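Subject: Structure for you to look at

Dear colleague,

I am handing over the structure below, and after it you will find some notes on the charged side-chain pairs. Please keep the structure open while you read, so that you can look up each residue as it is mentioned.

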Amino acid sequence: AIIKGVTFGDVVYHQIEVNRSKNVFVEDCLFIGNTESSRVQIDIGSAGQKSATPTATIMENIWFENCRFASRDATSQNIGVPRMIELDHSSNISWKNVGFNKCEFGAVYNTSSSYVGYTMALDGTSLLYGEGLTITNCKFYGDAHGQTSAIHLIPGSGILRGVRIENNYF
């Protein structure tokens, strides 16, 4: 799938949610407006039109190039999940080769916020696996209003391999 030159505005949950997919390329997109959750979520799919049963499907080659993620203001409704990018939503998720190149991330105004989150609630029945996270040539903007971390990588009891963070501006 190729998503190019799209402006994403107000939504209830995620501006892009990637479920059980391979070869997703998002280029020259602008993420603005309000959302009650993360702007982008990588997920296994467990509600609505998606399967209610998690599988071991590995999502692969999810790439964001030259995208801009506008700041999220704590005075609006968009602080439900205080991060721009949620690389996991469940302990049943596995992915390989997720990348961000030449992207800009605005500030997230919340004391527990992070721009790119790799956090997991392990339910004890399965394991999270991530391999090949690339964050290159990106700009991260923040200020003194409670910003805690630009990149927050806590795999819990899951496995995270092959992280490359290079030539970024913080």
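E60 has a relative accessibility of 22%, and it therefore counts as partly exposed, given that buried would require a value under 20%. Please bear in mind that this is a predicted model.

The side chain of E60 takes part in a salt bridge with that of K22, with a distance of 3.9 Å from N to O. This pair links distant parts of the chain, since K22 belongs to strand β4 while E60 belongs to strand β7, which covers residues 58-65, and the two are 38 residues apart.

How many salt bridges does the structure hold? There are 3 of them, and another one joins K4 to E27, whose closest N and O atoms are 3.8 Å apart. Because K4 sits in strand β1 (residues 2-4) and E27 in strand β4 (residues 22-27), this pair ties together parts that are 23 residues apart in sequence. K4 itself is exposed, its relative accessible area being 53%, where the cut-off for exposed is over 50%.

The remaining salt bridge is formed by the side chains of R164 and E166, with 2.7 Å from N to O. Is each partner buried, partly exposed or exposed? R164 is partly exposed, at a relative accessible area of 42%, and E166 is likewise partly exposed, at 35%.

With best wishes

Note on methods:
Residues are numbered from 1 along each chain as its sequence is written. This is a predicted model: local features need pLDDT of at least 70, side-chain atom pairs count only at pLDDT 80 or more; totals for chains, interfaces and linings use all residues. Side-chain values use heavy atoms; hydrogens and water are left out. A salt bridge is a side-chain nitrogen of Lys or Arg within 4 Å of a carboxyl oxygen of Asp or Glu. Helices (H or I, at least four residues) and strands (E, at least two) are DSSP runs, numbered from the N terminus. Buried means under 20% relative accessible area, exposed over 50%, partly exposed in between (1.4 Å probe, protein chains only).
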